[in-house]
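Me: Please take a close look at one part of this model, and then set that part in the context of the chain and the assembly to which it belongs. A formal, connected account would be preferred.

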Amino acid sequence: MDLELSDEQKMLADSVGSLLDKRYDANTRLALLEGDGDGWSRELWKQYAELGLLGLTFDEQYGGAGMGAGELAVVMEQFGKALVLEPFLATVVLGGALVAAAGTPDQKQALLPSVADGSLLLAFGYAEPGSRWSLTDISATAVPAGNGWTVSGEKIAVIGGDSADRLVVTAKTPDGAVGLFVVSTADAAAVTRAPYPMQDGLRGADILLTDAPAEALGSPADALAAVESVIDVATAALCAEAVGAMERMLWLTVDYLKTRVQFGQPIAVFQTLQHRAATMYVSLEQARSAALVARLALADDDVDDRRTAVRAAKVQIDLAARHVGQEAVQLHGGIGMTMEYPVGHYLKRTTVIAKTFADTDTLVRQVGAAGGLISA
Amino acid sequence: MDLALSKEDHAFAERMREFFTSEIPAELRDRVARGEHPTREDIVTTQRTLNAHGLAVPHWPVEWGGQDWTPLQRHLWAEEMTLAHVPSPIVFNTAMIGPVIAQFAGQEMKERFLPKTANADIWWSQGFSEPNAGSDLASLKTTAVRDGDEWVVNGQKTWTTYAQYGDWIFNLVRTDPEAQKQRGISMLLIDMRTPGVTIRPIHLIDGGYEVNEVFFDNVRVPADNLVGEENQGWTYAKFLLGNERTSNAGVGILKNRIIRIKALAGSLLDDPLFLSRLTRLEVEIRSLEMSVLRVLAREASQPVGMPDPISSVLKLKGSELQQEATELLVDVLGPQGLAYRESVEVPDGFTPPPEGAVDALPTYFNWRKASIYAGSNEVQRGIIAKAILKF
């Protein structure tokens, strides 16, 4: 039974962690967040490329590092600790992974090396105004046109959609398949973007496609299965990111309890607060275990078992993140409510994580409908 | 959780399952599965069968009947035993006093007690808690005063589980009233048939009888019944309580509860509110199980008997989940669980109640104890807080 990180994974965690320790203090992050630029650092993006992070899970023949979900989780946990703003989830974990999962060899060759070297940004558009969490209840359409397709429709809450060079979007083909289509954002007449900061400070956009020229990613008939698999991996990655964020919230809170003096003593002496901090630790441990379950489950060949296990893990993450995040702000008192102090930013990110791909009730319903986790 | 286990681990678990389901009578295991309490006879007979095959005390030193197993193998042994509804060996024997004697007692005491303890020829009781020494165990007041070759014991123990079955009791006693409170305590082995020992039952809110008060009135105990060294009892008690880092999580029992709830719930599984509660509970159990495996994976590198805040996390979370699971079974029974009854038999013409009608609510009431015993959950939060706040 090998549940600890391998030496290689520890080295990866150390190198990412020390880069972020040096380059991602709270003030630097706040300046990126509130500045006039992209909302993230293109210079750091280059450094991620140099570390091999932007092609982490792609095959080596496409410029990747050929690593697996374990290494992705290691990186995401570090990103969660630092609350990284760069569009790694959008470009690598979603966009790049979709190309790798659904694309033809030619498409992979055309796109993945550029993602890995940091020169190409991607984003994945799936949600629509009326779709809620369904991948298939969508209105966007794709129709054949010449050698390719044109796509029309409205995609919302597209993480990284503001800066992406290419979009990977879901759309229905005339025969009813939910296909994946690659659209260039350079065509301003066909692609209208309404960019915004998301609630957690990461950038996103709503996107209107009007007969946008598009290339089908692989065969539309096989696309949905690829999307679901990529979301499994991305969900496990979010679990790891959330664990990193929760851990940081707990230790910020512990430090605060020990240094904040009221009534002439550090507030850590009050048992009410001690027990609440201890209960946060219990939630963090449950979350850490759930993230590990999710990562291990990705190796399961049975798709249904894998999906149920990952979804269940995400439920645990959501519950823990809500508890840890709310308590972290509460135990900080007023300072926890401010933009200048980091703890609230962690609450914002983990809250958005809990509403990414699906919400808790949806996941619970799906896991329950699959018969749950425990059987004779 | 299968993915965390190697092929060898799976084979080991399979071997255990095979043994438990073929060597322990199905009739007994079925009764346990239906929520009935095994009798003293059931427990003793089972432990002897296990012991005959080297499976009663695998975590003991090999020379005293233990197996040279990894922490994970020991966990799989206990887990498969629970899942097969085999009554566990007497915990006071195998998990508590046995390891203490093996670790700290002299050769004569080991030879005198360990084989009988492993084989359930002695049923041990635990004499720790007192009316004014619960969470603050070190404030215990039962005294042992040396008189020639004997100790004379006076005082009272309480919450003594199955003292009505007990042959011997391992007692924490104060042997140095002058010392700082943890330092004046010794561990004494007392034959419960000695004159001056009186047992009084305590009836619990579930309607059952499992705990007792035990009174000691000038009980004379041979001097060589003192474990290890005089005034080192607190060290042994901490060793005893810190020995089982993961068993308090009770993951096997939790799984059994979920399986039974699903088997009995019928159309209630179509109720989204019920299914949501059940599913969330399963999610938490799965995480708890992985927490246990994480502890086991790193246990090999940690000294035995060292307390660790993770034990507190497992106990705290495990007990909360146990209590939630007992509530779900109550909801499954509905009005058919409300009558207090000893069996499912009813007079002619009446509809027999479903399985679970006898035990659902009593189990719910009984398991309120889980957040109180073995260090209340408030004490556990204190331990965790101390570890993370480092004060």
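Reply: Helices and strands are taken here as DSSP runs numbered from the N terminus, a helix having at least four residues and a strand at least two. With that convention, the part chosen is Gly207(B), which is located in the loop that links strand S6 (197-203) to strand S7 (209-222) of chain B. The model is predicted, and every statement below should be read in that light. For chain B, the mean pLDDT is 95, with 97% of residues at 70 or more. For the complex, the predictor reports an ipTM of 0.95 and a pTM of 0.95.

The surroundings of Gly207(B) come first. A residue is called buried at 20 or more other C-beta atoms within 10 Å and exposed at 12 or fewer. Gly207(B) has 13 C-beta neighbours inside 10 Å and therefore counts as partly exposed. Once neighbours within four places in sequence are left aside, the contacts of Gly207(B) are with Tyr340(B) and Pro362(B). A further relation across the sequence is with Glu342(B): the two residues are 135 residues apart along the chain, yet their C-alpha atoms are separated by 9.9 Å.

The domain assignment helps to place these residues. Chain B is assigned domain 1 (2-89), domain 2 (124-230) and domain 3 (245-389). On these bounds, Gly207(B) falls in domain 2 of chain B, whereas Tyr340(B) and Pro362(B) fall in domain 3 of chain B. The centres of domain 1 and domain 3 of chain B, computed over C-alpha atoms, lie 20 Å apart. Domain 1 of chain B gives 11 residues to the contact between these two domains, and domain 3 of chain B gives 17 residues. The side that belongs to domain 1 of chain B consists of five nonpolar, four polar and two charged residues.

Another element of domain 2 of chain B offers a contrast in exposure. Strand S1 (residues 124-127) of chain B directs Trp124(B) and Gln126(B) one way and Ser125(B) and Gly127(B) the other way, and all are buried. S1(B) runs parallel to strand S4 (residues 168-174) of chain B, to which it is joined by four bridges. In that pairing, Asn171(B) of S4(B) stands opposite Gly127(B).

The chain as a whole may now be considered. Chain B contains 12 helices and seven strands. Its radius of gyration of 22 Å agrees with the value near 21 Å for a compact globule, because that is what 391 residues would give. The C-alpha atoms occupy a box of roughly 70 × 50 × 45 Å along the principal axes. Of the 391 residues in chain B, 43% are buried. Among the contacts of chain B with a separation of 6 or more, 73% join residues 24 or more positions apart.

Chain B also meets chain A. The contact draws 37 residues from chain B and 35 residues from chain A. On the side of chain B, two or more residues come from each of helix H8 (251-265), helix H9 (272-299), helix H10 (309-333) and helix H12 (377-389). H9(B) provides the largest share of that side, 18 residues. By class, this side of chain B has 21 nonpolar, six polar and 10 charged residues.

Chain A completes the picture, with 11 helices and nine strands. Its 376 residues would, as a compact globule, give a radius of gyration near 21 Å, and the 21 Å of chain A agrees. Buried residues account for 53% of chain A. The domains of chain A are domain 1 (7-116), domain 2 (122-220) and domain 3 (224-369). Between domain 1 and domain 3 of chain A, the centres over C-alpha atoms are separated by 21 Å. That contact brings 18 residues of domain 1 of chain A to 23 residues of domain 3 of chain A. On the side of domain 1 of chain A, helix H4 (69-82) and helix H5 (88-102) each supply at least two residues, and H4(A) gives the most, with 10 residues. That side of domain 1 of chain A divides into 13 nonpolar, three polar and two charged residues.

Notes. Residues numbered from 1 in each chain as written. Chains lettered and ligands numbered in written order. Predicted model: local features only at pLDDT ≥ 70, side-chain atom pairs only at ≥ 80, totals over all residues. Contact = placed C-beta atoms within 7 Å. Nonpolar A, V, L, I, M, F, W, Y, C, P; charged D, E, K, R; others polar. Domains from an automatic or database assignment. Rg over C-alpha atoms; globule rule 2.2 N^0.38 Å. Pairing = 2+ DSSP bridges. pLDDT = per-residue confidence, 0-100.
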